[in-house]
Amino acid sequence: MPDPTPQVSLTIDGRPVTVPKGTLIVEAAKLIGVEIPVFCYHHKLDPVGACRLCLVELSPGPPRAQTACTTPVAEGMAVRVTSPMAVKSRADILEFELTNHPLDCPVCDKGGECPLQDFTYRHGYPVSRVQEARLHFAKPLPISDRIALDRERCVLCYRCTRYYDEVAWEQELTTNQRGVQSYIATQFDQPLQSVFSGNIIDLCPVGALTSRVWRFQSRPWDMDHTASICSRCAVGCNVNLWERRGELMRVTARENDEIDDGWICDRGRFEYTHVNSPERLTQPLVQRRPAAWEGALSRIAAGIKGRGPRLGVSIPADITNEEAFLLARLLNGPLRGARVVMQGRTSLPAPPLNQLAIKDLDGCHTILVVASDVRADAPIVNLRVKKAVAKSGARLLTVNPELIDFDRHPGVEHVAYEPGHAAAAVRKLFDHPLLQQGPVGILYGDSAGSEDGAAIATAVAWLAKEIGAKVMPLYRATNERGVLAFGILNGDSLDGCEYVLTWGQALAVPKGVRFLACWDDFARPYHDRAQVVIPATTFAEDQGSYTNLEGRVQFLVPPLQPRPPLRQGWEVLQDLGLALGLASDYLGIFQVQRDAAAAYPAQAALAVPPAPAPTAAPVAMGAARP
Amino acid sequence: MPAATELRGSHGKAAGPVLTKDFGTADLHKLGVYEKVGGYQAWRKALTTMQPAEVTGEVKASGLRGRGGAGFPTGTKWGFLPPPDGGPRYVVVNADESEPGTAKDRYLMENHPHQLVEGILIACYAIQAHHAWIYIRGEYDLQHDMIAAAIAEARAAGYLGEQPLGKDFPIDIHLYRGHGAYICGEETALLESLEGKRAQPRSRPPFPAVKGAWGRPTLLNNVETLSTLPWIISNGGAAYAKFGTEKSPGTRLFTVSGDVQRPGNYEMELGKPFSHLINDLAGGPFPGHSIKVWWPGGCSAPVLTGEMLETPSDMESLAAVGSMGGSGGVIVADDRRCVVRCAYRLLQFYAHESCGKCTPCRVGGDWAVRTYERVLEGEGTAADLATFDRIQTGLAAGRCLCGLGDSAGWVIQWTMERFRDEYEEHILHHTCSVEAGARA
Amino acid sequence: MKLSDHTLKEIRELPPKYPHIRSAVMPALDLAQEELGMLTQEAMTQVAQALQVDPGYVEGVATFYSLFHLEPVGKHHLYVCNNLSCQLRGAEELLTHIKQSIGVSEYGQVSADGLFSVEPVECLGACEYAPMLRADHRFHYDLTPATIDALLKEWRGHGDGKKARKEAHPRAGSH
C-alpha cells in the first residue's frame, strides 16, 4: 500500500531531504545527521517550544530565528542551522541556561553523557561571561529512595513533568512557583510513588534527576553495555545492561516502539543490585558442604528420578525458553509424571490465536481492559493503553470491581462487577455501544489471581468472536507464555509432593518432604531442609530467550560471564539430564534453540537470530560553534 | 449596584464619539438606561436582519484593529475560524487587563457592562459560537460582579439564553476569574489558565482559531474591541472607518497615568497627536516640570521621549518612531525621574510575571534585575553596558515563546538607546544627576 | 486547617459548569481560600480528592498564581500596587508607611494582632487613581498616608474610613 502521507522536500544547511508532510524540522535533520540541539523536545512527548535551544533560520521565513522542534517542514523550505543568526541565537540560549547552572560537572553523574555539557561544548560560547551570583537551591534532594533531584542543575525543560502528565497520567511530579523561581517538585515534597518514576532519569537532559541506586558508582565512559531484555515481567521491554569490571552497574531503557515505546518501569530499572550481591550462592552444596557439580547433580538425580507424581518441581518466573525446553525433555523422560508449578504466574490458559500485539493498541478504536489495572501485571502496556487513548483517540472501557487508574481520565467508561464474576460481566458486554465499531482490543488478566483465569479467557474468546476483536492475555510471569508453549505446567502448588526440586524462590515447600533440592541465586530459609543446593545464574549472566505476552521471542544478551563455578542454566539442565541417564551433547545454546524450534512450532522463532539494532546516522558538527 | 466611583476621563461633554459616547449618563450600567440610549439595538439588528458573514463583513469594513496590544485586524481574525463542524466553539473575552498603565477595560466594564455584553453576543453570532467565556483578572472584583449583573439582566430580558430575541440561536456567557498572573493577558496563556492549568503560553501553531479553549476553535478578543462592536453594527463599518487614519481607523480609549495633572481614561480618535491626549485631555505635566519620558501603549511598547509628544497616535506613526500602539496605556514620567530606575522597576515586573516556561525570559529578566540592582547600588562596571546589551538581545529578537520576553528586552534596549547618558552616568560614575537634581 | 463539609459540597458541584474538570481547580481553590484565608496542604489535598486530580497538580496551580496564599495572611491583606504609574505617585512611601503603621518589618508578615499583612503587587489596572490598593475584594483610591491611617482605623473598628475614596463593595452589592 502506498504511503498516504504526501512527501515534502526541503534542504537543511544545503543538504536535501524528503520527509512526510507534518514532520518537524528537528526530526528531518536527524535523518540526515544534522545536529539541532534540544532540551525540552523529546520525540515521545508533545512539542512545547520551551527551551528555545533549537533555534534555526528559515527561508522563506520571518527575520528571526525559529524553533525547529515546533515548526513542521514545508515544501522548498531552506533550513539554516549554521547561519550566523542561528548559531548566535543558540549560543545565547546556552549562555542563559548556564547563568544559574552550578557547573559541578566533576561531581555530577551525568558528566560524560550530558546533553548540556555536550551542547555547550559544540554550540556554546567558549568562555563564560556571567558575573552575577548563581541562584541556589537545597541540594541534592531525594525525591524517592531511588531518585535524587538537583534543582540547581535543572534547566526546566519540563520533560519530567510532561512525561508524568502526558504519558503516565499522574501529577505527583509538577512544577511549583513561576518564573525564575520555578522548580520541579513532588507533591507536598512526598516521595514519588509511581511505578513509572524512573523514566524521568533517562529523560532528564542534565544532571538534575539522577539514580540514587547508581549514584557515584561509575562514569558512563567506564561502562560497557549490552542490548538485552528486561526479565521482570512478561512485557519484555528492551533495556541496556551496563557493566563495569564484572558488575552490573545500571539498567536503562532501550527504545523499541513495537513493545515499550522507550519506557521501562521501576522494577526493570532498579531491581538489579542483587546481581552483584556478595550474598549470592556460588557453590554447589551437598548436605551444606561444598561439593563439585557432578556430585551435587548425581545426588539430585538420585533423589528425583522415577518418582512420578510424587515429585514436585517449582520453576522461576524468568526461566528461559531454552531451559524450559531442556526441562521438558526431562519431564517427558526420567521425570515423567512430575508436578510442575511456576512462580508468579496467572491462572490464564495458553494463548489464543487472535493475538493483539502491543503496537496494535495504537490503532484500536476501543480498548477493553478486563480484570486488571494492567499496571501491576504488565506495567508498560498500561502506558501504551494511555498513549492510544491520549494521542490516537482510542476509547477505553474498563471492567473491574473497583475504579482503576485509567478511570480518572475523562471519557473512560467503567463497568463494575461483583468479585468472582468477571467472566459473567464480560459476556454481558457484547452489545455495549463502544464495542460496536472496530478495531477492538481486549486485554484481560485474572485480578491478581482472585478470578478464574480460564473462565475469563473463555468469556473473552467468546466476546472477541462475537464482535471481531483481538485479545491480549496479561500473563504476569516473565516467560509464562513461553513455558505454556512447552506444555509442562500442570499444578498450582507443591502440596503433597514427597520429592521436591525448587528452582528460584518457591512460594511454599511442603513440610516433611523426603527429598529437597534447591537451585537458587540466594539462600532461603527452606534451604536448611535441602539435601542439595546448587547456585543459579541471573538475567545478567544467563543466555537464552523469553516469549513475551504477545508471543514475541526476544533474546537476553548478558553483560556478565558466570563466575566459575557458576554455570549457565541450560548447561546445568543438560548435565542433570546426563545424570538422569538422558543422552545429550549440546555444545552451545544455538543447538538447543534449533531443537526447541523444531520440536515446538509455537516457538519456531527461537531459531531466528535477532536482527541487529539499527545504528544512528553520524552527526554533522563543526561550524555550529560561534 | 452603583457605578464605581468618580469618573476620570471621557464623560459628559468630553465624552468620545464611540466607546464613551454615553458616559456620564446616570446608571448607565443598568439595562433600562442602556436600552434608552439605544442599547441592544445592534444585537437585534445583527441577529434578526443579518447573516453571520454580513456581521463579519461590517467589522472588516470598519477596519477595527484589536485593542488588546497586538493591533491585529479584528475582522480578519474572525475569518480564521474554520467553518462550524457541529462541535463546540468559543468566544473568549480577554478581560485580564494587566499591562502596567492600562485601566481602560476596567473603565468600560464597571461603567458600561452592557455594551460589552452586547458586543460579545454579536461576536458569538458572527462566528456561530454558543458559548462565551469572559476571563477576567481576579483583582477586578467589582467589575466581575457588574458584568455578572449585566449578564443576568440581559438574560432576564431575553437578549441571551436559549432563544435570544426569540431566535433559535442559544447563547450563554460565562465568567472565569484569573488569579494574579500578567501572562494570562497573552492569549494562549489565558487559554491554559481557563483550562485550569498553570498559565504558560502555548507554542503556535496550532492557533486558537483552530485549536483554542478545550481544544476547540476559539475567537479571542479584548474587552475594548468587543465593546466597539455595537456601535459598528448600528452605524456601519464605513461610518467607523471615517474616524482615525486609513490603516488605524476609529477611536481608542487611552489610559493616561503618572506625572500628569488629570490622569484618566480618554477616548481619542486615532491619528491625533499624543500631545492632545497628554496635554489637552490629561492636563499635561505638573507646573514647573516637563515630560521627559513616556510609554505610549503600556510599558511593553518601546519608550519615547518628551520631544516626541507630537507623534500621531495611529499604529503606523508609532511604528515609524520605533514603538507601537500596544494596550493604549500611556505612562508619563517627568524630568524628576531617573530612567534607569524606571527601567529597573519594569524589569522587576517582567521578571516577576515571567511564567518560567521558556529559557530566555525566565533567566534573562532575573539576570537583568540583578544587574540593575548592582548598577543602582553604584557597583556597575564598564562591562555592564555590554551585559545589558547581551541580555536585551537574548530576550528580544523574537527568541522567546511569547511576547513577554520581547517586551522586557525592549525596555532595556530603548531606554538605553534613548537615554544612554543616564546609563553611563550610573554605570561608569556611580551617580544620578536626575535624582540629585530632583532632591535639590 | 481543613475545609468544611459545606465548602467541599460546593467544590463537588463545580465540575459540571466547565467543559473539563481541570477548569474547576481554580474556582475550587477560591472557595477554599475564602473559607480558610489561605491554602493549606490539607485543603489542597481535599480539593484534589474532590475533583479527582492528584494533589501535586493542585499544588502546581496554586503556587503559580499570586492571588493564592500558601502562607498565612492578615485578616485584611493589603495588595498595594507599586508598578510604575503608582510608584511615580508615591506608592513606595505608602508601603513604608503601611509597614510602620501595622508594625511589620517584612512584606507578607502578619501584624501582631493578626489583622493586617501587606504586599506590593504589580499593576492592578486603576492607574488613574494612583496610588491605590486592594483589600477585602475592593479597591481604595488616591491614597495618602492620611487616608491609609483612616482605613486602618476603620479596620481596627474605631473609625469610618471615609477619607479614602473607594469603589462600592462588590460583595455587598445590590444583586
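Let me start with helix H6 of chain B, residues 113-127, which is mostly covered, since 15 of its 15 residues are buried, where buried means that 20 or more other C-beta atoms lie within 10 Å of a residue's own, against 12 or fewer for exposed and anything in between for partly exposed, with the C-beta atoms placed from the backbone. Please keep in mind that this is a predicted model, in which local features need pLDDT of at least 70 and side-chain atom pairs count only at pLDDT 80 or more, while totals for chains, interfaces and linings use all residues. Residues are numbered from 1 along each chain as its sequence is written, and chains are lettered from A and ligands numbered from 1 in the order in which they are written.

The 15 residues of H6(B) reach 22 Å from first C-alpha to last, close to the 21 Å expected, the expectation being 1.5 Å times one less than the number of residues. Just after H6(B), B:Gln128 takes a positive phi of about 60 degrees. When I say helix or strand, I mean DSSP runs numbered from the N terminus, H or I with at least four residues for a helix and E with at least two for a strand.

Staying with chain B, I turn to B:Phe23, which lies in the segment before helix H1 (31-36). B:Phe23 counts as buried because it has 22 C-beta neighbours inside 10 Å. Setting aside residues up to four places away in sequence, B:Phe23 touches B:Leu7, B:Ser10, B:His11, B:Ala15, B:Leu28 and B:Asn111, a contact being two C-beta atoms, placed from the backbone, within 7 Å. B:Leu7 is 16 residues from B:Phe23 in sequence, and their C-alpha atoms are 8.7 Å apart.

Next comes strand E5 of chain B, residues 251-258, where eight of the eight residues are buried, so that the strand is largely enclosed by the rest of the structure. Which strands does E5(B) pair with? Six bridges join it to strand E6 (residues 264-269) in the antiparallel sense, and four bridges join it to strand E9 (residues 329-334) in the parallel sense; pairing here requires that DSSP finds at least two bridges between the strands. E5(B) and E6(B) form a hairpin with five residues between them, and B:Thr255 stands opposite B:Asn265 in E6(B). On the E9(B) side, B:Ser257 has B:Ile331 as its bridge partner.

At the level of domains, whose bounds come from an automatic or database domain assignment, chain B is divided into domain 1 (12-241), domain 2 (251-334) and domain 3 (339-439). The C-alpha centres of domain 1 and domain 3 of chain B lie 36 Å apart, and 10 residues of domain 1 of chain B are in contact with eight residues of domain 3 of chain B. The domain 1 side of that contact divides into seven nonpolar, two polar and one charged residue, with Ala, Val, Leu, Ile, Met, Phe, Trp, Tyr, Cys and Pro counted as nonpolar, Asp, Glu, Lys and Arg as charged, and the others, Gly among them, as polar.

Now to chain A, whose secondary structure comes to 14 helices and 27 strands. Its radius of gyration of 27 Å agrees with the value near 25 Å for a compact globule of 626 residues, taken over C-alpha atoms with a rule of 2.2 Å times the number of residues to the power 0.38. Along its principal axes the C-alpha trace of chain A spans about 85 × 60 × 50 Å, and buried residues make up 52% of the chain.

The assignment for chain A gives domain 1 (7-99), domain 2 (105-129 + 136-276), domain 3 (285-343 + 481-607) and domain 4 (358-463). Between domain 2 and domain 3 of chain A, 15 residues of the former are in contact with 16 of the latter. On the domain 2 side, strands E11 (224-229) and E12 (238-244) of chain A each give two or more residues, and E11(A) gives the largest share, six residues.

Finally, the interfaces of chain C. 40 residues of chain C are in contact with 52 residues of chain B, and the chain C side has 19 nonpolar, 12 polar and nine charged residues. Towards chain A, 13 residues of chain C are in contact with 14 residues, and H4(C) gives the largest share of the chain C side, seven residues.
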